[in-house]
Every structure is written in structure tokens, then in C-alpha cells.
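Reader: I am new to this structure and would like a close look at a single part of it, taken slowly and with the terms explained along the way.

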Amino acid sequence: MQIAIPSLFIRGGTSRGLYFLKQDLPEEIALRDKVLLAAMGSPDEMQIDGVGGATSLTSKVAILSPSTHPWADIDYLFAQVKISQAKVDVEPSCGNILAGVAPAALEMGLLKAVNGQTTIKIHAVNTGSLIEAIVQTPGGYIDYQGNTKIDGVPGTAAPIQLNFMDVVGSKTGKLLPTGQLREKIEGIEVTCIDVAMPMVIARAEDLGKTGYETKAEFDTDTAFFNRIEAIRRIAGLRMGLSNVANSVIPKFAILAPPRYGGNVTSRYFVPDICHATHAVLGGICVGCCAILKGSVADGIAIVTGAQRETIVIEHPLGKIEVVLVTSCQGSDINVERAGVVRTARLLFSGNIHVPAHLWNR
């Protein structure tokens, strides 16, 4: 026998995953994780017995519920379902899957759309971040069709504006958790920064790279990943994140000058493979590093120093644009708002089936 669990399958940004109501999943975390692993087909590199796509970008879950936060409408818990391990990671959040949260909330009946545009306030439970999502709802119905193009996704769709509030110190409570703009770890200069996502950022050339390599070129370079992992683990300790050997944060990125009219080039690692495009939260963090005088991005990124700065980050499949509204005094940045435009599309709605022996409901 099998259990049918109501769910939506949505492409959010450049990721894809299952969206659930919290009430439809087990309350016990260990049991919930077993259900999510079965739904995705993990652990198995092919994820052949589930709906996971055998990549980190397509093995993701969003769990939604009415918010307990006084500002927000919706609580959003993100879960990264590992592919070849029986593990579900809820430590980080995901800005691409976030793009599907407002549409999912409307589809699930958690909120009602209004004519024109509907604004939904989201509390990202993993990090405590607050996000305002604006979706297109002509006639009071969500519209997935439009002319907005995001690199890494074929075709066009309706825009979803995501405005991130209170993003500085998402996990550590500090912009610069180590108190340093730059520091050397294993002989490499890095900036340890926490804006929307704790990150360790280095210059590509310092690691013997151009910064323009493809995902495939990085993913086969075991020596490179061993090197940045050693740096990441030491950085995690210095940032107050304890032993990060079994954690995906802090994330790691390398920077290079832009080549195609953007402001900076970034390769983002998650953390043991190269991201096919670029994470949204990682984009916000890289963008803030780009405008931070004295960071490893200083002299690489092209910025104006304006309070409202649009940072175009070049990645393996194109670009991602981040709009930052800040006030800066030297190394101190107050990020008032960080905005990105994403798209999403509902792929199917119905039930995901898992073996009944997993959950005696």
C-alpha cells in the first residue's frame, strides 16, 4: 500500500521541487525526513524511484504554513533532499525555490489573490529572513505567462519580484563574522561575509582559476574542491558556525572581472559542486561583497557606490541581477532592501505517493 500526500510540483527560479502544506506532513522531524527522501527517491544517484531530478537543483522541498511571525503571511521552510545520502538538510534556505512560495500559497488556498498584483509577506524559517513577494494576479488569478526571461530557464514567464529585508547577519548576526574585511586562510585571501547567506569569497586567480570555467570543468576538478573545502571548514570555525564538515554553509564563491557587460563574474559552489547558474541568496551576498570597499571584490567588481545599486552577476549560463538599497560607511553596510526578479511555473498538482510502511497515518 501507499500513502497519497497532497503536493504541488513547481519550478521556482532555476530550481524545481515539491511544495507541501506543513499539516500534510508528519510532525516528527525524523519521520518527515523519511517521507521526503522517499518522495524524491533518495538515497540513489538516479533518484529513479522518486520525482527528484538527480541534481541538487531539482531535489528540493518547500513546506508552507500560516505564519507565526507578526509581520508575515506565510512561513516557508526549505529542505534540501540529498541525492545519494539519506539526509534532509534544513539549515540553509533557497531563494529560487522561494520564487514558487507565493504562487504555491495562492494555489493551496492559504491566501486569496487580488486583482492585478498580490503581495505576500514570507518568513523564511531556516534563516529568519523576511521577504516580500509580488506576483501577477489579473482578475484575482495567478498568471504564470509573461515576458520575463531569467538565464538558466528556457522561454519567458510572468515576473515575481522578491524583496529581501533584514538580510545582514542571516546566520551569524554580523556582516563580517570574523571582524575582518580580508584575511588569509590556507594562504588564500578571502572575505567571510554574511548577507542573506554566510559565504566565503575569494578571487579566482588566487586559486589558480580564471573564474570563467564551466560547471563541468569545475565538477571534475577534485583537487580544487579539496582545497576550497579546507578553506571553508576553517572559515566556518572563524565565523562562529562551529564544525561545518557536514554542513552546506558557509557557501563558497570565486570572483573574476565581468566579460559580458555585467558588474562581476561569480562561480558559486554548493559546496562540493559548481552551481549550474547562481543561487539567489548567494547572489545577494556576492552583490554586497562587490560594493564593500576593501573586500576581495574591490578592484574586480565594477560599482558606482550609489545607495541604490544594480549588480549584474555573470554566471555559467548567463546573468542574475540583484538590486541593493544600502547605506554605507566604510566597511559598515546597512542593507535596507535587496531585490531580485524570478519566475515560476506550476508543473503539476495532486498527490505524491510514498510507501505506507513509512508513515502509519
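How much space lies in the largest pocket?

Author: This is a predicted model, in which local features need pLDDT of at least 70 and side-chain atom pairs count only at pLDDT 80 or more, while totals for chains, interfaces and linings use all residues. Residues are numbered from 1 along each chain as its sequence is written, and side-chain values use heavy atoms, with hydrogens and water left out.

To your question: the space in the largest pocket comes to about 840 Å³. A pocket here is an open set of points, on a 1 Å grid over the protein atoms alone, where a 1.4 Å probe fits and where protein lies on both sides within 12 Å along at least five of seven lines. Grid points are joined across faces, edges and corners, and the volume is the space filled by probe spheres set on the points.

The lining, meaning residues with an atom within 4 Å of a point, consists of 39 residues, and those nearest the centre of the pocket are Lys82, Val248, Val270, Pro271 and Asp272. Sorted by class, the lining holds 19 nonpolar, 10 polar and 10 charged residues; in this sorting Ala, Val, Leu, Ile, Met, Phe, Trp, Tyr, Cys and Pro are nonpolar, Asp, Glu, Lys and Arg are charged, and the others, Gly among them, are polar.

Four elements, β4 (74-81), α2 (95-98), α5 (222-238) and α6 (280-291), each supply at least two residues of that lining. Helices (DSSP runs of H or I, at least four residues) and strands (runs of E, at least two) are numbered from the N terminus. Of the lining, α5 gives the most, with 5 residues, and this helix therefore serves as a starting point for the rest of the tour.

The 17 residues of α5 should span 24 Å at 1.5 Å a residue, and its end C-alpha atoms are 25 Å apart, which agrees; the expected span is 1.5 Å times one less than the number of residues. Buried residues, those under 20% relative accessible area with a 1.4 Å probe and protein chains only (exposed is over 50%, partly exposed in between), include Phe224, Phe225, Ile228, Glu229, Ile231, Arg232, Ala235 and Gly236 in α5. These buried residues pack against β9 (183-185), β10 (188-195), β11 (197-203), α4 (215-219), β12 (251-256) and β13 (264-269), where contact means heavy atoms within 4.5 Å.

One of these partners, β12, holds phenylalanine 252, which is buried because its relative accessible area is 0%. Leaving aside neighbours within four places in sequence, phenylalanine 252 is in contact with Met199, Val200, Ala202, Leu207, Ile228, Ile231, Arg232, Arg267, Tyr268 and Phe269. Phenylalanine 252 and glutamate 229 stand 23 residues apart in sequence, and their C-alpha atoms are 8.6 Å apart in space.

After α5 comes glycine 240, with a positive phi near 80°. The loop between α5 and β12 also contains serine 242, whose phi is positive at about 65° although serine 242 is not a glycine; at 48% relative accessibility, serine 242 counts as partly exposed. Proline 250 belongs to the loop between α5 and β12, and the peptide bond leading to proline 250 from isoleucine 249 is cis, with omega near 5°.

The other helix to follow is α6, where 12 of 12 residues are buried. The 12 residues of α6 should span 16 Å at 1.5 Å a residue, and the end C-alpha atoms are 17 Å apart, which agrees.

Just before β4 in this account comes aspartate 73, in the loop between β3 and β4; with 30% relative accessibility, aspartate 73 counts as partly exposed. Beyond its neighbours within four places in sequence, aspartate 73 is in contact with Ser65, Pro66, Ser67, Leu111, Thr119, Ile120 and Lys121.

Finally, the setting of these parts: the protein chain has 6 helices and 17 strands, and buried residues make up 57% of its 361 residues. A compact globule with 361 residues would have a radius of gyration near 21 Å, and the protein chain has 20 Å, which agrees; this radius is taken over C-alpha atoms, and the globule rule is 2.2 Å times the number of residues to the power 0.38.
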